[in-house]
Amino acid sequence: MLLHDTALIYGRCLRQSLRSRFALLFGVLMPLLYLLFFGPLLTGLPLGARGSSWQVLVPGLLLQLGLFGAAFAGFAIIIEKGQGVVERMRVTPVSRLALLLGRVLRDATVFVFQAVLLVLAAVAMGLRAPLPGILIGFAFVALLTVSLGSLSYAMAMKVSTPQEFGPLVNALTMPSMLLSGLMLPMTLAPGWLDVLSHFVPFRYLVDAVRDAYVGSYTTAHMFYGVLVAVAFATLAVTVGTRVFRTAGG
């Protein structure tokens, strides 16, 4: 029944997304602008990392896409609560885990699609990376989306208005972006900032995807990246499911 219920919620949410094709394309706009206007500035600069500047920048932009997109996914729940959709779902026998999984799997599908568009644009601009590394990058985007989407929906169930939700998400995502090395490797940072960045889980994902983009699949960065991504996703889905159960959503 869990698979059946998840498929029902996933199909409903995916149809909602497909009806807004403009939103699908607009979601990739910010990383694409970074790619077009920030990427050329890095060409030829010593970035303290292996590979070309594109192999440094594009993995960060992929995870930026998942970070900001999934973190703000909870706005949809706030809207549905206001329209009474969540209240109607409370009286159905649908699994609470399915209510969460259907949504986050839809989000993962959308952001991986946007990630494909971003990589295609990057290839046109000069990115050269092994296909297995690119596919590993997509997998990390999906895991990050599941993790942050679950936490975002959980937070949205606890607040009443978008005015409460937006600043809360911004307060969490901005430091995460700055300390994870999404734009530039943290090896360029002062020692104290590099040490501080190791307390941010996204740092390990960024390092792992950058290694994958230069064809290194058995490094310590890759091991820690996979470990953190899986553990974070497991914890986030557990927390999200618990909130959905107790909130009746």
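This passage walks through the helices, the surface patch, the cores and the salt bridges of one structure.

The model is predicted, so local features need pLDDT of at least 70 and side-chain atom pairs count only at pLDDT 80 or more, while totals for chains, interfaces and linings use all residues. Residues are numbered from 1 along each chain as its sequence is written, and side-chain values use heavy atoms, with hydrogens and water left out.

Let's start with the helices. Helices here are DSSP runs (H or I, at least four residues), numbered from the N terminus, and strands would be E runs of at least two. The expected span of a helix is 1.5 Å times one less than its number of residues. Helix α1 covers residues 2-18, and its 17 residues should span 24 Å; the end C-alpha atoms are indeed 24 Å apart, so the two agree. Helix α5 has 19 residues and reaches 27 Å from first C-alpha to last, close to the expected 27 Å. For α8, with 30 residues, the expected span is 44 Å, and the C-alpha atoms at its ends are 44 Å apart, which agrees. Right after α8 comes G126, with a positive phi near 130 degrees.

How much of each helix is covered up is another matter. A residue is called buried under 20% relative accessible area, exposed over 50%, and partly exposed in between (1.4 Å probe, protein chains only). In α5, 18 of the 19 residues are buried, so this helix is mostly covered. One residue of α5 is S53, which counts as buried because its relative accessibility is 11%. Leaving aside residues up to four places away in sequence, S53 touches L42, T43 and L47, where contact means heavy atoms within 4.5 Å. In α1, the buried residues are D5, T6, I9, G11, C13 and S17. As a general point, an α-helix has 3.6 residues a turn, so residues three or four places apart point the same way. Helix α8 also holds V116, which counts as partly exposed because its relative accessibility is 31%. The C-alpha atoms of V116 and N170 are 26 Å apart, with their positions 54 residues apart along the chain.

On the surface there is a nonpolar patch. Patches take residues with over 30% relative accessible area and no salt bridge, joining like charges within 9 Å and nonpolar side chains (Val, Leu, Ile, Met, Phe, Trp, Tyr) within 5 Å. This one is made of F22, F26, L29, L33, L36 and F37, which together have about 630 Å² of accessible area, worked out by the Shrake-Rupley method with a 1.4 Å probe, where for residues only the protein chains shown count as cover. Helices α2 (21-26) and α3 (29-37) are the elements that give two or more residues to the patch, and α3 supplies the largest share, with four. L36 sits in α3 and, at 39% relative accessibility, counts as partly exposed.

Inside, the picture is one of nonpolar cores, that is, sets of buried Ala, Val, Leu, Ile, Met, Phe, Trp, Tyr and Cys residues joined through side-chain atoms within 4.5 Å. The largest has 42 residues, and V58, L62, L63, V119, F140 and Y213 have the most contacts inside it. At least two residues of this core come from each of α5 (53-71), α8 (96-125), α9 (131-158), α10 (162-179), α12 (201-213) and α13 (220-247), with α5 giving the most, 11 residues. V119 touches V58, L62, L127, I134, F138 and Y213, again not counting residues up to four places away in sequence. Apart from this core lies another of 24 residues, among them C13, A71, V104 and A154.

Finally, the charges. Side chains of opposite charge can pair when their charged atoms come close. A salt bridge here is a side-chain nitrogen of Lys or Arg within 4 Å of a carboxyl oxygen of Asp or Glu, and the structure holds five of them. In one, E80 pairs with R12, with the closest N and O atoms 3.5 Å apart. This pair links distant parts of the chain, as E80 is in helix α6 (residues 75-83) and R12 is in α1, 68 residues apart. E80 also meets R103 in a salt bridge, at 2.7 Å from N to O. Because E80 lies in α6 and R103 in α8, that pair ties together parts 23 residues apart in sequence. Both E80 and R103 are buried, whereas R12, at 23% relative accessible area, is partly exposed. So R12, E80 and R103 are linked in a network of salt bridges. Elsewhere, D194 and R203 form a salt bridge with closest N and O atoms 2.8 Å apart, and R203 is buried at 6% relative accessible area.
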